[in-house]
Amino acid sequence: MVMTHLMVCDDEADICALVGEVGRQLGYTVSQVPRSTDFNAAYILQKPDIVVLDVVMPERDGIEIVLWLANQGYDGRVLLISGYDPQHAHNALLLAQCRGLDIVTTLRKPVPLRLLREALAA
C-alpha cells in the first residue's frame, strides 16, 4: 500500500485508538480528531486520503461533516461508523453517495476488528 493519510473523527477515545492502530498496521499515517467541531481545521491542514467518521457525535454530527466534505469537493474515501440505529448510518450513506462521495462502507459499533481491517484495506 502506498503511504496514505487516514483521519478518524469519533468522540469515543477507544474507537479513535482502535481505528488508528489498525490504520497504522495497514501502513497509513493517522490523525485523530476526537471533537467533531475540530474536524474542518484538521482536514484543511492534513488533507486525508480516507476519513473514518462517526455518524452521531455531540456538537456536530457526521451527516453535517459529510455535507461539508462534499462541498469541499473531497475525492477520498469515507468510512461511516455508528453505535446507534443503523438507519442513521444508512441515511448518511445515501446522502454522501448522492453528493458524490466515495463511501467505502458503514460499520456498526462495537466495530468488528476483521470488518474494520477489510474496510481500511479496500
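The legends below describe close-up views of a predicted model.

**View 1. Helix α1 and the residues that it buries.**
Helix α1 covers residues 13–25, and its 13 residues reach 18 Å from the first C-alpha to the last, which is close to the 18 Å expected at 1.5 Å a residue. Its buried residues are I15, C16, V19, G20, V22 and G23. Seen down the axis of α1, these buried residues fall within an arc of 170°, so they line one face of the helix. An α-helix has 3.6 residues a turn, so residues three or four places apart point the same way. On the other side of α1, A13 and D14 are exposed. The cover over the buried residues of α1 includes the strands β1 (5–9), β2 (29–33), β3 (50–54) and β4 (77–82), and also helix α5 (113–121). Just after α1 comes G27, whose phi is positive at about 95°.

**View 2. The crossing of α1 and α5.**
Two packed helices are described by the angle between their axes and the distance between the axes. For α1 and α5, the axes come within 10 Å and cross at roughly 50°. Angles from 35 to 65 degrees count as oblique, and α1 and α5 are therefore oblique to each other. The crossing in which α1 passes α5 is right-handed. On the α1 side the contact is made by L18, V19, V22, G23 and Q25, and on the α5 side by L113, L116, R117 and L120. Among these α1 residues, V19, V22 and G23 also belong to the buried residues of the helix.

**View 3. A119 of helix α5 and its contacts.**
A119 lies in helix α5 and is buried, with a relative accessible area of 6%, where the cut-off for a buried residue is under 20%. Leaving aside its neighbours within four places in sequence, A119 is in contact with R77, L79, V104 and T105. The C-alpha atoms of A119 and V104 are separated by 6.6 Å, although the two residues are 15 residues apart along the chain.

**View 4. Helix α4 and the elements that cover its buried residues.**
Helix α4 has 13 residues and reaches 18 Å from its first C-alpha to its last, close to the 18 Å expected at 1.5 Å a residue. The buried residues of this helix are A89, A92, L93 and A96. Viewed down the axis of α4, they fall within an arc of 105°, so they line one face of the helix. What covers these buried residues includes α3, β4 and β5. Just after α4, G100 takes a positive phi of about 90°.

**View 5. The packing of α3 and α4.**
The axes of α3 and helix α4 (residues 86–98) come within 10 Å and cross at roughly 10°. Angles under 35 degrees count as roughly parallel, and α3 and α4 are therefore roughly parallel to each other. The contact is made by I63, V66 and L67 of α3 together with H88, A92, L95 and A96 of α4. Of these α4 residues, A92 and A96 are also among the buried residues of the helix.

**View 6. H5 in strand β1 and the residues that it touches.**
H5 has its place in strand β1, and at 15% relative accessibility this residue counts as buried. Not counting residues up to four places away in sequence, H5 touches Y28, T29, V30, S31, Q46, P48, D49 and I50.

**View 7. Backbone geometry in three loops, at K47, E59 and P110.**
Most residues other than glycine have a negative phi, and most peptide bonds are trans. K47 is found in the loop between α2 (39–46) and β3, and its phi is near 45°, a positive value in a residue other than glycine. E59, in the loop between β3 and α3 (62–71), likewise has a positive phi, of about 75°, although it is not a glycine. E59 is exposed, with a relative accessible area of 58%. P110 lies in the loop between β5 (102–108) and α5, and the peptide bond that leads from K109 to P110 is cis, with omega near -5°.

Key: Residues are numbered from 1 along each chain as its sequence is written. This is a predicted model: local features need pLDDT of at least 70, side-chain atom pairs count only at pLDDT 80 or more; totals for chains, interfaces and linings use all residues. Side-chain values use heavy atoms; hydrogens and water are left out. Helices (H or I, at least four residues) and strands (E, at least two) are DSSP runs, numbered from the N terminus. The expected span of a helix is 1.5 Å times one less than its number of residues. Buried means under 20% relative accessible area, exposed over 50%, partly exposed in between (1.4 Å probe, protein chains only). The arc is that of the directions from the helix axis to the C-beta atoms. Contact means heavy atoms within 4.5 Å. Axes are lines fitted to C-alpha atoms, for helices over the stretch in contact, and angles run from 0 to 180 degrees between N-to-C directions. Angles under 35 degrees count as roughly parallel, over 145 as roughly antiparallel, 65 to 115 as roughly perpendicular and the rest as oblique. A crossing is left-handed if the near helix is turned anticlockwise from the far one by less than a right angle, and right-handed if clockwise.
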